[in-house]
Amino acid sequence: MPKSALIIGAGLGGLLCGRLLSRKGWDVTLLEADEKPGGVLKSFLWEGIPCECGFHSVGGLGPGEALEKIFRPLGLMELPWYKADADEGFPFLRLNAATEEEIRHITGPYTQSTWRLKGGGSTLVEELTKGLKINTGNKVVKIENQSVTCQNERSFKADVTVSSLSPDLTFSLLQDHVRPAYLKRLARMEKGPSIFTVHCLLEPDCVPWQSGDIFLDGQLMLHFGEPGTHLLELLCFGRGRAEEMIARAKTRLPGLVVRKYHTLTSAGYGYIKHSRADYIAPATPLPWLFLTGQNLGLHGILGTAVSALNTCKCIES
Ligand SMILES: Cc1cc2nc3c(=O)[nH]c(=O)nc-3n(C[C@H](O)[C@H](O)[C@H](O)COP(=O)(O)OP(=O)(O)OC[C@H]3O[C@@H](n4cnc5c(N)ncnc54)[C@H](O)[C@@H]3O)c2cc1C
């Protein structure tokens, strides 16, 4: 009998754990609250144009680089990745306790090796969902004694449960006893701000398309949609004002003409990491419950992939 695993959440973290474990022969079931898998990586169509909720570019996909080493054995390097011009750096990044060397180590894969994916986040999600048992519309409301209950009253049981939800949410659903010191540490973690996106439909060819992201004053990020879509995304942390952001974008891209726009607020990058002390281990005090997702170590595609790998190694050890 293969060992069985329940994975809560079918965003990038849950899907990667699903692929890693099923390739090792585990019987894997994913439970996803939403009607579609993908989490922040879902894209949607607006006026027939694919728009992203939480994917623009990734770092570290060059030969021998960190993400390439994780993605190649998983068959994800076959996807239509293409290299973008170097980003202008990540001025958003605030790492109070990090040394210069640590910052270079973290930002290097992004600033020196920036990649985009044809079709965006949904291309990655489509590939990752292949062959996985995903129960969508199953919002987990209780975790207890190795079983998981959903809002629709369905229950699931497996040898191990992996939660890709934020650890504070995971433990708020857990009924089993966990030592208070562990929970106190989690309660002290600080959540990152949300991300405000303005999707702008441009007058065709009003400004030249660029593959790399543009950062303005460390606060506003500009990202063009795929060539030919005439889409420009403007992003900032926390609350933004669309008209103001468009006016600021015009200072960098004179000639910019926005035909229409709409706005979207997405969950941010997970817990803020001030220092190494904010790292959360995949193992929990309960031997059958494991954590994964962007809250554990670094966020983003690279950070979430590293966490998925760590989680699955921890489960198998
Ligand atoms: C606007 C934005 C732009 C971004 N741009 C980039 C980028 O360009 N490059 C990059 O590398 N990273 C980017 N990121 C970050 C990256 O998308 C995330 O770090 C990563 O996708 C997080 O994956 P996750 O699986 O940890 O979380 P999520 O994607 O949030 O997945 C969690 C899943 O759990 C489900 N869920 C929640 N509650 C329950 C429940 N009770 N029961 C069952 N399921 C539940 C959710 O519906 C979701 O599907 C961006 C993020 C945002 C918000």
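Q: What makes strand β1 and strand β12 a pair in this predicted model?
A: Pairing needs at least two bridges between two strands. Strand β1 (residues 4-8) and strand β12 (residues 160-163) share four bridges. The cut-off is met, so they count as paired. Their sense is parallel.

Q: Which residue stands opposite Leu6 in β12?
A: Thr161 in β12 stands opposite Leu6.

Q: What is the strand order of the open sheet of five strands?
A: The order reads β8-β2-β1-β12-β18. The pairing is parallel.

Q: Why are β8 and β18 called edge strands?
A: β8 (133-135) and β18 (289-291) each have a single partner strand, so one side of each is left without a neighbour in the sheet. From one strand to the next, the twist averages 20°.

Q: What is the order of the open sheet of three strands?
A: It runs β9-β10-β11, and the pairing is antiparallel.

Q: Why do β9 and β11 stand at the edges?
A: Each has a single partner strand, so β9 (140-144) and β11 (155-157) both have one side without a neighbour in the sheet. The twist here averages 20° from one strand to the next.

Q: How do you know that β10 and β11 pair?
A: Strand β10 (residues 147-150) and β11 are joined by three bridges in the antiparallel sense. At least two are required, so the two strands count as a pair. In β11, Ser155 is the bridge partner of Thr149.

Q: What makes the contact between Val140 and the ligand a polar contact?
A: A polar contact is a pair of N or O atoms within 3.5 Å. A backbone N or O atom of Val140 lies 2.9 Å from a nitrogen atom of the ligand. Both conditions hold, so the term applies.

Q: Which backbone atoms of Ala33 and Leu12 lie by the ligand, and at what distances?
A: For Ala33, a backbone N or O atom lies 3.1 Å from a nitrogen atom of the ligand. For Leu12, a polar backbone atom is 3.2 Å from an oxygen atom of the ligand. Each distance is within 3.5 Å, so each pair counts as a polar contact.

Q: How much of the ligand does the protein bury?
A: Taken alone, the ligand exposes 1,000 Å². The protein buries 89% of that.

Q: How many residues surround the ligand, and which are the closest?
A: The shell holds 31 residues. The closest are Glu32, Gly54, Ser57, Gln294 and Ile301.

Q: Which element gives the most to the shell around the ligand?
A: α8 does, with three residues.

Q: What is the make-up of the shell by class?
A: There are 15 nonpolar, 14 polar and two charged residues.

Terms used: Residues numbered from 1 in each chain as written. Predicted model: local features only at pLDDT ≥ 70, side-chain atom pairs only at ≥ 80, totals over all residues. Heavy atoms only, no water. Near = heavy atom within 4 Å. Polar contact = N/O pair within 3.5 Å; in protein donor to acceptor, adjacent residues only side chain to side chain. Areas by Shrake-Rupley, 256 points an atom, 1.4 Å probe, with all protein chains shown as cover. Nonpolar A, V, L, I, M, F, W, Y, C, P; charged D, E, K, R; others polar. Axes fitted to C-alpha atoms, helices over the stretch in contact; angles between N-to-C directions.
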